[in-house]
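Me: Could you take a close look at one part of this model for me, the packing of one helix pair, and then set it in its surroundings? I'd like the cut-offs along the way.

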Amino acid sequence: MSEATPPDDRMELQEDPGQQDQRQQRRLRGSDGRMLLDQYFRVACIGIAGISVVILAFLLGSIIYQGVPSLSWTLLSGTPEPEPSEAGAWPAIAGTIWVCTICALITLPIGIGTAVLIEEFKPRNRLANRIFSAIQLNISNLAGVPSVVYGILGLTAFVSMFGLFGSLKGGESSLEIGAVYYDQFTNLASDPFLSMGAENARERYFLAPVASPSDPPTVATSGMEMFEYQGDQKVPVKISVFDPFGDLPSDPEELSLAIAADTIPGRISEKSWYYFSLPFGRGVLAGSLTLMLVILPVIIISSQEALRSVPSSLRDGARGLGATPWQVVWNITLPAAAPGILTGSILAMSRAIGETAPILIIAGIVYIRNAPQHLMDSYTVLPLQIYNWTSRPQEEFHAIAAAGIVVLLVILLSFNAIAVILRQRMQNKVR
Amino acid sequence: MNRDVAESKASSTTLDARASELLSRGRKDLAITRIKEIVIYVALIACGFFSLLITVSIIGVLLTETLRFFRFDEVTLSNFLGSAEWTPLLGETKSFGIWGLISGTLLVTGIAMAFALPLGLVTAIYLSEYAPRKVRDLLKPILEVLAGIPTVVYGFFALMTITPFLQWLHGGFNVYNAMSAGLAVGILCFPTVCSLAEDALQSVPKSLRDGALGLGGTRFDATIKVILPAALSGIISAFLLAVARAIGETMIVALAAGSRPQATIDPRDEIQTMTGFMVQMAGGDVSNFGTEYFSMYAVAFTLFLITLSLTMLGNVVRRRYRETYE
């Protein structure tokens, strides 16, 4: 009936009065008008639904148009130089990989565990039931909290840890593992004002180990053993101390080992890959934990749906064979729900990859030249780098931002594609 | 004979020993299983309570830091709640009137919803009631892709494409304006509205639809007079969740809406939203622990309260609706 054609107006002239009466009666019943309305509405619907296609095409088109010309190997492998033609996003891509991998490792067990608890261990007494429904309600409310608020929470809870371990201001943490501190001395030749008479000596830097970061600066004495980097190796050398205004040694090698008596060393630190500190500071771990807060509700909700779709006959069968509750979950329910859980997790991770606001709050806009080396290392992520480039005034950076977006979208779309393929596989299996 | 008895006795004792050994091993296994079961259960419960802990710590952190903000001499509650002048960065004449930010948020949200709600609802109706299967199979993934695009990309789109387009349409548009950000937020919310509203429409029992069509109604009659009213609470809940999402949206407004808080309804003008202010504070010098730093927490708390109440309202409305049809 919805396929009715609109009335043809040209016909009306040739109609005899009887037919006209009939038509009028039909009009009175409103059938023509209703049919027409239905038709018009259908056309309007198609038009409006088409808008989403147009928007997507326009969005992708404009970004590809602006971004593809700037896609280059430099963009993928370079560092974010201030010169647009040399700017790259490698530290940001590496930061994204670090943050999201750690985030997945932390979030998946907790999220799936929560979903299993709510779906598979439903309690029988009333109090526990109430607690469970509170947890359920809480999760759906957490899913609606804006991610920027999680950023604020992460800033307080992970970056500065409520100020429990000293303030961030000094850049010092009260608890550290895996850091070695040195005082760095420069030799006479590297000071332009003191280098008179030492022109032919090369500049050298010497490191004196410090036991604790709060120690006073090391006082250099003649004959003291310090370390020097030669290539990647640390080599011990014997330095000598001279009064810069007194007599200097004439041998250039000896001169290059000379330190002025009033040299004030700079405190530097070397951090190994397992470096750990409290509070976490603006490091990778704090970022991962904050992203965990953002995607935990997403993972819980999608895992719950996957668990719910497992037929209860499977569970009953296993239980009938004498399996304990956890054996049912581990051997029957989880394997059956695995594709669904995996799909949900992949989609949640793609959300984590694209999430910008919380990372912006906890990491700030910083200039990062290297991929993170340890869990507390400062970092940036790809969306944040895109934000940074977009908010600059120069046109060239906007093109690079568009290219960065293309890279980001390729990553996300491939994640989505994996999820779609998995979902189809799963549907075929169930059938 | 005697020997036989002795033998059988011996074998029976070894049998007994073996049986009891097996039994004890089984008992041990059982004990281990039981302990494992308990340990896992405790671990799962810890996971469950973790989500409660997140909520508690959000409220705790925001509340304590907001209280610390109000303890500053230059801050008064009447100024915070009663003024629309938000100038925390001006040295002498600081004013913390939250309405200056809320009005910006409302303007962007209003524009976004004026775009997303009607379009999302109509698309949902089309997908649920009219569209042939093939069109559904094409449109649904497109909506999913739209929903999966990161917000920073929408921000870029707003600043680089929508704003120049608006400026081309009408010269009065500022480089940073509420209209561009609002439209981008609308595009962002559109898939959310659409899929939630479609869920609501789909879960109206088929019998209602068939009844309306059987009485001679057109599909339009059935949709407007029967299905929409039946799905109304689900649709309202979808709208509320979309509004909450629009209010909390950050990157688009940070990029495209500007950074001048002002109470205006002119969509061509630069405004600042609550989220935009937080990003401005965090992107700048956060080691500054002055009043303006703690004002970030007060803004976050306000934002949290608004979105939380909208989300809760949405969930309550939807739950009530679900009870009617299950």
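Reply: Happy to; here is the helix pair, followed by other contacts in the model.

This is a predicted model, where local features need pLDDT of at least 70, side-chain atom pairs count only at pLDDT 80 or more, and totals for chains, interfaces and linings use all residues. Residues are numbered from 1 along each chain as its sequence is written, chains are lettered from A and ligands numbered from 1 in the order in which they are written, and side-chain values use heavy atoms, with hydrogens and water left out.

Let's start with helix α10 (residues 312–320) of chain A and helix α11 (residues 325–354) of chain A, which pack at an angle of about 160 degrees with their axes 10 Å apart. Helices here are DSSP runs (H or I, at least four residues) numbered from the N terminus. Axes are lines fitted to C-alpha atoms over the stretch in contact, and angles run from 0 to 180 degrees between N-to-C directions. α10(A) and α11(A) are therefore roughly antiparallel to each other (a label for angles over 145 degrees). The crossing of α10(A) past α11(A) is right-handed, that is, the near helix is turned clockwise from the far one by less than a right angle. On the α10(A) side, L314(A), R315(A), A318(A) and R319(A) make the contact, and they meet V328(A), I332(A), T333(A) and A336(A) of α11(A); contact means heavy atoms within 4.5 Å. By class, this contact of α10(A) with α11(A) has five nonpolar, one polar and two charged residues (Ala, Val, Leu, Ile, Met, Phe, Trp, Tyr, Cys and Pro are nonpolar, Asp, Glu, Lys and Arg charged, and the others, Gly among them, polar).

Elsewhere in chain A, the axes of α5(A) and helix α9 (residues 284–308) come within 6 Å and cross at roughly 35 degrees. α5(A) also passes α9(A) in a right-handed crossing, and the residues of their contact divide into 22 nonpolar, seven polar and three charged.

Now for charge pairs: the whole structure holds 16 salt bridges over all chains, each a side-chain nitrogen of Lys or Arg within 4 Å of a carboxyl oxygen of Asp or Glu. One of them joins E81(A) to R369(A), with the closest N and O atoms 3.2 Å apart. E81(A) lies in the loop between α4 (73–77) and α5 (90–120) of chain A and R369(A) in the loop between α12 (357–363) and α13 (382–390) of chain A, so the pair ties together parts that are 288 residues apart in sequence. Across the interface of chain A and chain B, the rule finds zero salt bridges.

Key:
Helices (H or I, at least four residues) and strands (E, at least two) are DSSP runs, numbered from the N terminus. Angles under 35 degrees count as roughly parallel, over 145 as roughly antiparallel, 65 to 115 as roughly perpendicular and the rest as oblique.
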